[in-house]
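Good morning, colleagues. Please take a moment with the sequence and the structure on the screen before I begin.

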Amino acid sequence: MQSFNFKCPTEIVFGRGAEKQVAEKIRAYGGSRVFIVYGGGSVMRTGLLPRIESYLTGAGLAFQVLGGVKPNPRLSLAREGVRLAKQFGANFILAVGGGSVIDTTKAIAHGVANPDTDIWDFWTGRAALTKTTPFGSVLTLAAAGSETSDSAVLTNEETGKKQGLNSPLNRAALAFMNPELTYTAPLRQIKAGICDIMMHTLERYFTKVKEPNLFTDLVAESLLKTMMKEARAAVKDTHDYEAMSEIMWCGSVSHSNFTELGRCKDFSCHRLGHELSGRFDVTHGESLTTLWGHWAKYVYQDDVPRFAHFAEAVFGIADGTEEERALAGIDAMVAFFRELGMPTNFTELGIGVQPKDVIVELADMLTFGDTKTIGNFHPMDKQTAIEIYERANH
Ligand code: NZQ
Ligand code: ZN
């Protein structure tokens with residue numbers, strides 16, 4: 001097993017009615033002036049936001065609200081949030097929504113704590129992030145895992161670059177996780193979220209690390225099997241509390257780094273997918289299922305035993321040669337995505353077949369003009385990225 005540091009400090013309040021503790025918990029983390037961030041209005045329609053406001057008012061906490069976060073959250077709104085939160089004197093930033101709202105919240109928290117730095121400089125690496133403002137979330141969609149992750153992803157709409165920032169300071173102080181709050185999410189978003197959760201573990205399962213790591217592997221395989229079982233129940237009935245609970249908890253574990261310990265991240269498909277979202281504004285989870293099978297079939301020969309092990313451990317595929325089992329495991333994973341109705345090529349993703357020059361531009365953006373390789377299982381240069389995009393380009 002490889003050495004690791006793991007600190008996931010987020011206090012998780014999980015279960016029915018979890019959000020009712022929002023005021024007392026925020027106060028315990030020193031919050032008295034709460035800047036609330038939300039998305040396109042679902043939390044108004046469900047009545048969740050007014051309830052959160054009433055809990056804060058009842059506890060004597062001041063708050064100000066900013067809505068309008070879009071999926072693939074934009075830098076400009078985060079900058080506006082920083083300006084408003086500073087003006088308000090916020091000392092706690094609270095997301096009420098999904099991953100896009102939480103990532104905007106993280107950006108605002110960083111901006112408030114660093115008033116002289118443009119937040120995008122943290123994402124580009126021009127400035128080092130050394131402090132932030134306490135923040136947390138009332139989660140309404142099981143998907144991105146941002147409620148516990150050390151990551152935040154923004155899109156700079158001026159350049160079309162969708163960029164992640166990894167930092168321990170991206171770990172939230174608090175996460176309120178009531179599975180019932182996810183019932184109202186559109187089925188398409190629930191499915192995309194399910195696949196994103198699985199991908200956060202898959203992208204830690206296939207890495208350059210070859211040392212055995214039994215416990216982490218078993219956790220990862222169990223998470224993937226749990227997700228497939230509960231996904232089938234959830235898409236039949238999005239009000240199935242047990243299914244939505246399992247999915248919500250897997251979402252937080254999957255991107256907390258817990259399925260990575262002793263291994264590392266690869267995240268090639270995420271990076272390939274972010275370029276599609278940055279350019280075409282496609283749903284994150286859908287960008288991943290569009291690419292994963294093509295990526296896997298391109299790279300599996302780098303570690304056939306690993307893919308064969310995956311096939312047996314997750315899908316019970318025991319027949320055939322090692323290579324046949326490896327390929328059957330990839331096919332089984334893609335078949336599950338298709339069973340959910342997820343896209344597995346550009347046409348199904350809704351962006352249509354792309355001309356060669358667009359593919360080249362995507363690969364160029366991804367690899368910063370062919371100056372960086374992406375991932376580590378099979379490090380991708382620009383040409384490799386072009387070939388993987390082309391496989392999905394039908
Ligand atoms: O905006 P509202 O009106 O709230 O509607 C949202 C949005 O349209 C809706 N929704 C969410 N919960 C709902 C609901 N509608 C009704 N009832 C509910 N309970 O769902 C839509 C999608 O929301 P969004 O927050 O965009 O989804 P998700 O949680 O999948 O987040 C996706 C974003 O997170 C990033 C993705 O790249 C993408 O930008 N990621 C963030 C990560 C992180 N910070 O660790 C890791 C991930 O890999 C990912 O990259
Ligand atoms: Zn993801």
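**A buried threonine, the cores and the zinc site**

Thr105 has a relative accessibility of 0%, and therefore counts as buried. I should say at once that this is a predicted model. Thr105 sits in helix α5, which covers residues 99-113. Which residues does Thr105 touch, not counting those up to four places away in sequence? They are Val37, Ile93, Leu94, Ala95, Phe135 and Gly136. For one of these, Ile93, we also have a spacing: its C-alpha atom is separated by 6.3 Å from that of Thr105, and the two residues are 12 apart along the chain.

Ile93 leads us to the nonpolar interior. The largest nonpolar core comprises 104 residues, and Ile93 is among those with the most contacts inside it, together with Phe35, Trp292, Trp295, Phe307 and Tyr389. Helix α7, residues 187-205, gives the most to this core, contributing 9 residues. A second core, separate from that one, has 21 residues, including Ile36, Leu94, Leu174 and Phe176.

Allow me to stay with Phe307 for a moment. With its neighbours within four places in sequence left aside, Phe307 is in contact with Trp292 and Trp295, and also with Phe206, Ala296, Val299, Tyr300, Ala326, Ile330 and Phe377.

I turn now to the metal. Which residues are the protein donors of the zinc ion, ligand 2? They are Asp196, through OD, and His200, His270 and His284, each through NE2, at 2.0 to 2.2 Å from the ion. Along the sequence, these donor residues follow the spacing D-x3-H-x69-H-x13-H. His270 belongs to helix α10 (residues 268-280) and His284 to helix α11 (residues 284-299), so this pair ties together parts that are 14 residues apart in sequence. Both His270 and His284 are buried.

Finally, the empty spaces. The structure holds 1 cavity of 30 Å³ or more. The largest cavity contains about 50 Å³ of space, and its lining consists of Leu141, Ala142, Thr182, Ile190, Met244 and Ile247. By class, that lining has 5 nonpolar residues, 1 polar residue and no charged residues.

The second largest pocket holds about 220 Å³ of space. Its lining has 14 residues, and Asn5, Phe6, Lys7, Arg171 and Asn257 lie nearest the centre of the pocket. The lining of this pocket divides into 5 nonpolar, 4 polar and 5 charged residues.

Thank you for your attention.

Methods: Residues are numbered from 1 along each chain as its sequence is written. Chains are lettered from A and ligands numbered from 1 in the order in which they are written. This is a predicted model: local features need pLDDT of at least 70, side-chain atom pairs count only at pLDDT 80 or more; totals for chains, interfaces and linings use all residues. Side-chain values use heavy atoms; hydrogens and water are left out. Donors are N, O and S atoms within 2.8 Å of the metal (3.2 Å for Na, K and Ca); water is not among the atoms, so sites may look incomplete. Helices (H or I, at least four residues) and strands (E, at least two) are DSSP runs, numbered from the N terminus. Buried means under 20% relative accessible area, exposed over 50%, partly exposed in between (1.4 Å probe, protein chains only). On a 1 Å grid over the protein atoms alone, a cavity is a set of points where a 1.4 Å probe fits but cannot get out, and a pocket is an open set with protein on both sides within 12 Å along at least five of seven lines; lining residues have an atom within 4 Å of a point. Grid points are joined across faces, edges and corners, and a volume is the space filled by probe spheres set on the points. Ala, Val, Leu, Ile, Met, Phe, Trp, Tyr, Cys and Pro count as nonpolar, Asp, Glu, Lys and Arg as charged, and the others, Gly among them, as polar. A nonpolar core is a set of buried Ala, Val, Leu, Ile, Met, Phe, Trp, Tyr and Cys residues joined through side-chain atoms within 4.5 Å. Contact means heavy atoms within 4.5 Å.
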